[in-house]
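Please look over the sequence and the model below before reading on. The paragraphs after them are meant to be read with the coordinates open.

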Amino acid sequence: MNEIIQIEKIHKSFKSQQVLTDVSLSCKKGHIYGITGYNGSGKTVLFKCLCGFIKPDSGRILVRGKELHKDFDMIENAGVIIEEPAFTAGFSGIRNLEMLYLIHNKKNRTKLEAVMQQVGLDPALKKPVEKYSLGMRQRLAIAQAIMEDQDILILDEPMNGLDKQGIADMRHLFMRLKSEGRTILFASHNKDDIDMLCDEVYEMEHGQLYRLR
C-alpha cells in the first residue's frame, strides 16, 4: 500500500460547534505534510483524531491499512507532539526519557543519550526539567517523539520556543528523518518551515482542509 495514512471525509463537532468538515488527507511514506491555519481552525483537533484521542462523528481513518476505532483504538508506532508535553518537572531530561521508554519495557540509556544529542541537549545535564528554558523543553519533546524510531511523526507546532539555531537544527533533523522513510505531519504558523520542509502543503480554515501545493 502506497499510503500509510488515509483520512476519509471525517467530521467532528462539539455540541453546536462544527470543528472538522469533510476532511480528507492521504499521506505516503517518506513525505512531510505541512498544515497551516490560524489558532482554532481545527489543526489540533485533526491531529487528535488521527492519534485516537478524539473519535470523529463520521468518516474513517486508516493507518497502515487498518481502521482506527475498529481494528485498534490508538495510533501505534507514532511519535506525537500535541500541546505541551507532560514531563516530570523535578527530574532531569534523560530521566524523563528513561521513564517514558520503560513504559514499553525498553531500557537503553545509550540510545536515549544519542537521541538527546540529536536534538541538541546534553544527556549528562543534571538540571531538572522545571528549570529548562522553553526551547530546551521543546527539544526534549522532540526527543521523546523520535526516541523509539517511530515511522509516523505527528508534530503540532514543534518549533515553538526554539531560537534561530534550534530551528535550523530541527529542520536538519526532520529532513534526515524524512530521508529515512518517516512520514511527518507538521503543523506550523511559520511559512519558512512549511516552505523548506514540506512536500505537500495544506491550509485548515473553518474546519475544512484545502491543498495549497
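What follows moves from the overall fold to the nonpolar cores and then to a few individual residues.

The model is a predicted one, and its secondary structure comes to six helices and ten strands. With 213 residues, a compact globule would be expected to have a radius of gyration near 17 Å, and the protein agrees with that expectation because its own value is 17 Å. Taken along the principal axes, the C-alpha atoms fill a box of roughly 50 × 35 × 35 Å. Buried residues make up 50% of the 213 residues, and, among contacts between residues at least 6 apart in sequence, 64% join residues that are at least 24 apart.

The surface can be described in similar terms. The protein exposes about 10700 Å², of which carbon and sulfur atoms supply 48%. Its charged side chains number 30 positive and 29 negative, and the centres of these two sets lie 3 Å apart.

Turning to the interior, the largest nonpolar core has 35 residues, and those with the most contacts inside it are Val119, Leu155, Met159, Met170, Phe174, Ile184 and Phe186. The elements that give two or more residues to this core are the helices α2 (93-102), α3 (109-118), α4 (134-146), α5 (164-179) and α6 (191-197), together with the strands β7 (152-156) and β8 (183-187). Of these, α4 gives the most, with seven residues. A second, separate core holds 32 residues, including Val23, Leu25, Leu50 and Val63.

Two members of the largest core can be followed in detail. Leaving aside its neighbours within four places in sequence, leucine 155 is in contact with Phe47, Gly79, Ile81, Ala145, Phe174, Ile184, Leu185, Phe186 and Ala187. Methionine 170, for its part, is found in helix α5 and counts as buried because its relative accessibility is 0%, below the 20% cut-off for that class. Not counting residues up to four places away in sequence, methionine 170 touches Val119, Arg139, Ile142, Met159 and Leu162. Methionine 170 and proline 158 are twelve residues apart in sequence, while their C-alpha atoms are 8.7 Å apart in space.

Which backbone angle is shared by two residues that lie in loops, aspartate 149 and glutamate 157? Aspartate 149 has a positive phi of about 55° although it is not a glycine, and glutamate 157 likewise has a positive phi of about 55° without being a glycine. Aspartate 149 is placed in the loop between α4 and β7, whereas glutamate 157 lies in the loop between β7 and α5. As for their surroundings, aspartate 149 counts as partly exposed because its relative accessibility is 43%, while glutamate 157, at 13%, counts as buried.

The last stop is helix α1, residues 43-51, which is mostly covered, with seven of its nine residues buried. The buried residues of α1 are Lys43, Val45, Leu46, Phe47, Cys49, Leu50 and Cys51. Two of these residues have already appeared above, since Phe47 is among the contacts of leucine 155 and Leu50 is included in the second core. Just after α1, glycine 52 takes a positive phi of about 95°.

Methods. Residues are numbered from 1 along each chain as its sequence is written. This is a predicted model: local features need pLDDT of at least 70, side-chain atom pairs count only at pLDDT 80 or more; totals for chains, interfaces and linings use all residues. Side-chain values use heavy atoms; hydrogens and water are left out. A nonpolar core is a set of buried Ala, Val, Leu, Ile, Met, Phe, Trp, Tyr and Cys residues joined through side-chain atoms within 4.5 Å. Buried means under 20% relative accessible area, exposed over 50%, partly exposed in between (1.4 Å probe, protein chains only). Helices (H or I, at least four residues) and strands (E, at least two) are DSSP runs, numbered from the N terminus. Contact means heavy atoms within 4.5 Å. The radius of gyration is taken over C-alpha atoms; the globule rule is 2.2 Å times the number of residues to the power 0.38. Accessible areas come from the Shrake-Rupley method with a 1.4 Å probe; for residues, only the protein chains shown count as cover. Lys and Arg count as positive and Asp and Glu as negative; His and the chain ends are not counted. The place of a charge is taken as NZ of Lys, CZ of Arg, CG of Asp or CD of Glu.
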